[in-house]
Amino acid sequence: MLELQTGRPASNEGRLEKEIRVYDFLDSLQIMYQRVDHEAAMNMEVCEAIDQALQATICKNLFLCNRQETDFYLLMMPGTKKFKTKDLSKQLGVSRLSFASEKYMEQFLDITPGSVSVMGLMNDSDHRVHLVIDEDVLAGEYVGCHPCINTSSLKLKTQDLITKILPAMGHKPIVVHLEITE
């Protein structure tokens, strides 16, 4: 059974620096958040247990780029939707998107595969990554995300994300409408 905690861990022991930076950032903005620690979220069973504990919109986060690898995108979408590159590319006015290399993920966001999170944008000081959010993510009261590591998950108020966290990161989201497909 996963236990929902309020705020940062009591101790930094065993935590990566990039995770601690997320807690420091949220605390500096006086953002209230809840956290659950868990095994690495690498399969749907673990994700379902996290969903139950957080009671928030858990996002599928995809790190994408254009064919030339000059424009990069972090897509937040509900886990219930399937990603169709053609649909998103058309809405963004970009010729074919694909998954970006993990070297760019680490370089721009200081995160690794399996840990992709909107919180990584706090490390994007050169603003190389465009944030793209499906409108259904914004409809929920809470959003769930990793603190740049996939052994913890955070529950944030969606309103705090949009009105406080993203402006402090210097990022403005592009809102899109992705269809639910079978």
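**From a threonine contact to a salt-bridge network**

The side chain of T158 reaches the backbone nitrogen of Y142 at 3.5 Å, a polar contact in the sense of a pair of N or O atoms within 3.5 Å, where, within protein, one must be able to donate a hydrogen and the other to accept it, and residues adjacent in sequence count only if both atoms are side-chain atoms. This is a predicted model, in which local features need pLDDT of at least 70 and side-chain atom pairs count only at pLDDT 80 or more, while totals for chains, interfaces and linings use all residues. Residues are numbered from 1 along each chain as its sequence is written, and side-chain values use heavy atoms, with hydrogens and water left out.

T158 lies in helix α6 (residues 158-169); helices (H or I, at least four residues) and strands (E, at least two) are DSSP runs, numbered from the N terminus. With a relative accessible area of 5%, T158 is buried, a word that means under 20%, whereas exposed means over 50% and partly exposed lies in between (1.4 Å probe, protein chains only).

Strand β7 (residues 142-145) pairs in the parallel sense with strand β3 (residues 57-66) over two bridges, where two strands pair if DSSP finds at least two bridges between them. On its other listed pairing, β7 runs antiparallel to strand β8 (residues 152-157), joined by four bridges, and L154 in β8 is the bridge partner of C145.

How many disulfides does the structure hold? There are zero disulfides, a disulfide being a pair of cysteine sulfur atoms within 2.5 Å. For C145, the nearest cysteine sulfur is that of C59, 8.0 Å away. The sulfur of C148 is 8.4 Å from the closest cysteine sulfur, in C145, and therefore too far for a bond. C148 is buried, at 0% relative accessibility.

Charged side chains give another view of the fold. The count comes to nine salt bridges, each a side-chain nitrogen of Lys or Arg within 4 Å of a carboxyl oxygen of Asp or Glu. R15 meets E19 in one of them (2.9 Å, N to O), and R15 also meets D37 (2.7 Å, N to O). The pair of D37 and R15 links distant parts of the chain, since D37 is in strand β2 (residues 34-37) and R15 is in the loop between β1 (5-6) and α1 (17-28), 22 residues apart.

In helix α6, K164 and D160 are four residues apart, so about one helical turn separates them. Elsewhere, salt bridges that share partners join R15, E19, R35 and D37 into one network.
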